[in-house]
Every structure is written in C-alpha cells, then in structure tokens.
Amino acid sequence: MRILLVADIHSNWPALSAIPLACDACLCLGDLVDYATDPVPCVDWVKTHADAVVRGNHDHAVAQHIRPKGGGGLRQLAAATRPIHWKLLNPARLKYLARLPITRHIELDGLRFHLLHATPRDPLDEYLTDDVEQWRARLQGIEADYVCVGHSHVPFLLEVDGIKVVNPGSVGQPRDGDPRASYAVIEDGKVSFHRVEYDIAATIAQMRSVGIEEGVVTLTEQVLRTGGRIE
C-alpha cells in the first residue's frame with residue numbers, strides 16, 4: 001500500500017497541484033491555509049483526496065476569525081493574507097476547517113497511524129524537530145506504529161522506542177533551504193521523502209492578483225525561493 005503524507009500547504013495551489021497523486025491513501029497533517037492566497041482549490045483538494053485530515057494552527061485561526069498579532073516576518077505574512085481568506089472561503093469551507101479534528105488515530109494496511117499537526121503535548125502549536133529525547137517525552141502513552149506530524153516545515157524521520165515519527169515537510173512553504181514542495185510516502189512500511197519543483201512565479205502572481213501589498217509579496221517570494229530564509 002502506498003500512503004501519501006502532505007502537510008503545511010498554506011494556500012499554495014501551484015505547489016499542491018504539483019504533488020503526484022499516485023497513492024492508495026492520502027493523509028493530510030494540517031495547515032491548509034494562510035501565507036499564500038489561493039485557499040479554495042487547496043481546501044477542495046484535501047476534501048476530495050485526503051482519507052484523513054487533522055487541523056493545524058492556521059486552519060484553526062482562519063476558521064475562528066482570529067486576527068494575527070502584529071510583528072515582522074511570518075507574522076506579517078499571516079496578518080496580510082488572512083483577511084483574503086475570509087473573503088475567498090465560503091461558510092461551508094470555513095466550517096470544514098473548523099470541524100477538522102485535532103488528532104486522528106487510524107489503521108491502514110495493518111499499521112497504526114496517529115496523526116496531529118504539532119506534538120502530542122500541544123497538537124496545534126508546539127514546534128519540535130528531530131530531537132529524539134524531546135519526542136520520547138511526548139510519546140508517552142501513544143500506541144502507534146507511526147506518529148505523523150507537520151508544523152515545523154522541515155522533513156524528518158525518527159525512530160523512538162519502536163514508533164516512527166514522520167514529518168513530510170511543507171508542501172507550500174518549505175523552511176529547510178530547499179524551495180521545492182516537500183512530501184513523504186510510506187510504502188510497504190518504508191518511509192521515503194520527495195521534492196517536486198513548482199511554478200513559484202504563479203504563486204506570486206496570484207497574490208498580486210488579489211491585491212496583497214507589494215512588500216508582503218516581495219517577502220513571500222524571498223521565503224519561497226530560498227526555502228525559508230527571512231532577511
């Protein structure tokens with residue numbers, strides 16, 4: 001069985017549409033929205049193709065009409081793009097985001113999958129990358145073969161006391177220095193990581209078409225073309 005893992009799409013439709021959908025099942029680990037400005041096809045793709053989805057912190061914020069706190073960098077991007085989401089997403093799509101579960105536990109091909117966006121201690125907001133000891137502390141009481149997460153925008157695979165922790169990286173806004181859209185595949189119990197180029201210029205052009213201010217567009221383009229660097 002071939003299982004596709006995607007996370008952190010962030011309204012970047014050119015990136016998501018470049019991901020090959022050659023799989024028997026698709027798992028989405030949250031943050032469909034914010035940062036870029038084409039949320040409708042991204043939400044609809046997930047609704048159509050994902051067999052299980054969990055809510056990310058940006059999904060929660062958009063659905064609950066939470067205004068971002070001020071600041072620079074990524075906070076500036078969220079503050080500038082979130083109001084566009086409230087204009088573009090109809091009530092049905094906002095309700096879909098609001099009703100996404102915080103965690104899911106499913107079984108596929110005889111394997112147990114525990115899905116969440118961040119960490120078991122804080123499923124929406126805690127940032128954690130590939131630190132084995134920190135993950136060991138957070139996996140207490142979790143019964144699964146795979147714990148699948150997103151949030152950090154950095155792909156990794158850890159084995160912690162018999163549990164594989166998998167982060168597929170970010171589809172729509174990678175932050176590991178590689179600008180290509182990131183995803184992972186689990187096939188016959190083996191995890192592989194993949195990257196695919198996409199039309200970044202199309203993402204930037206779409207942002208301009210909905211009226212995002214030029215300074216925000218420039219910052220977004222820098223983040224996307226450098227794989228996450230903010231100057």
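Q: In this predicted model, in which sense do strand S1 (residues 2–6) and strand S2 (residues 25–28) pair?
A: Strands of a sheet pair through backbone hydrogen bonds, either parallel or antiparallel. In this predicted model, S1 and S2 are joined over 4 bridges, and Leu5 has Leu27 in S2 as its bridge partner. The sense in which S1 and S2 pair is parallel.

Q: Which strands stand at the edges of the open sheet that has the order S3-S2-S1-S9-S10?
A: This open sheet is built from 5 strands, and its pairing is mixed. An edge strand here is one that pairs on one side only, and the strands for which this holds are strand S3 (52–53) and strand S10 (190–196).

Q: At about what angle does helix H2 (residues 39–49) run to S2?
A: Helix H2 lies across S1, S2 and S3, three strands that belong to the open sheet with the order S3-S2-S1-S9-S10. Taken against the direction of S2, the angle at which H2 runs is about 135°.

Q: Which strands of the sheet S4-S5-S6-S8-S7 are left with one side without a neighbour, and why?
A: The sheet is open, consists of 5 strands and has mixed pairing, with a twist that averages 20° from one strand to the next. The strands at the edges each have a single partner strand, so one side of each is left without a neighbour in the sheet. Those strands are S4 and S7 (156–160).

Q: Which residue takes a positive phi in the hairpin of S4 and S5?
A: Strand S4 (residues 103–108) and S5 run antiparallel and are joined by 6 bridges, with Leu116 in S5 as the bridge partner of Thr103. The hairpin has 2 residues between the strands. The residue there with a positive phi, near 55°, is Asp109.

Q: What is the bridge partner of Leu115 in S6?
A: S5 is also joined to S6, here by 3 bridges, and these two strands run parallel. Within S6, the residue that serves as the bridge partner of Leu115 is Cys148.

Q: Are the rings of Phe113 and Tyr146 stacked or edge-to-face?
A: The count of aromatic pairs comes to 2. In the pair of Phe113 and Tyr146, the ring centres are 5.1 Å apart and the planes stand at 10°. Phe113 lies in strand S5 (residues 111–116) and Tyr146 in strand S6 (residues 146–148), 33 residues apart, so that the pair links distant parts of the chain. Since planes under 30 degrees apart count as stacked, the pair is stacked.

Q: How are helix H4 (residues 73–88) and helix H8 (residues 214–226) oriented to each other?
A: The axes of H4 and H8 come within 10 Å and cross at roughly 125°, and H4 passes H8 in a left-handed crossing. The contact is made by Gly73, Gln76, Leu77 and Ala80 of H4 together with Val216, Leu219 and Thr220 of H8, and by class it has 4 nonpolar, 3 polar and no charged residues. From their crossing angle, H4 and H8 are therefore oblique.

Q: How many charged residues does the contact of H7 with H8 have?
A: The axes of helix H7 (residues 200–209) and H8 come within 10 Å and cross at roughly 165°, which makes H7 roughly antiparallel to H8, and the crossing is right-handed. Residues making the contact include Ile204, Met207 and Arg208 of H7 and Glu214, Glu221 and Arg225 of H8. By class, the contact has 6 nonpolar and 2 polar residues, while the number of charged residues is 4.

How values were computed: Residues numbered from 1 in each chain as written. Predicted model: local features only at pLDDT ≥ 70, side-chain atom pairs only at ≥ 80, totals over all residues. Heavy atoms only, no water. Axes fitted to C-alpha atoms, helices over the stretch in contact; angles between N-to-C directions. Parallel < 35°, antiparallel > 145°, perpendicular 65-115°, else oblique. Left-handed = near helix turned anticlockwise from the far one by under 90°. Contact = heavy atoms within 4.5 Å. Nonpolar A, V, L, I, M, F, W, Y, C, P; charged D, E, K, R; others polar. Pairing = 2+ DSSP bridges. Phe/Tyr/Trp six-rings, centres within 6.5 Å; stacked < 30°, edge-to-face > 60°.
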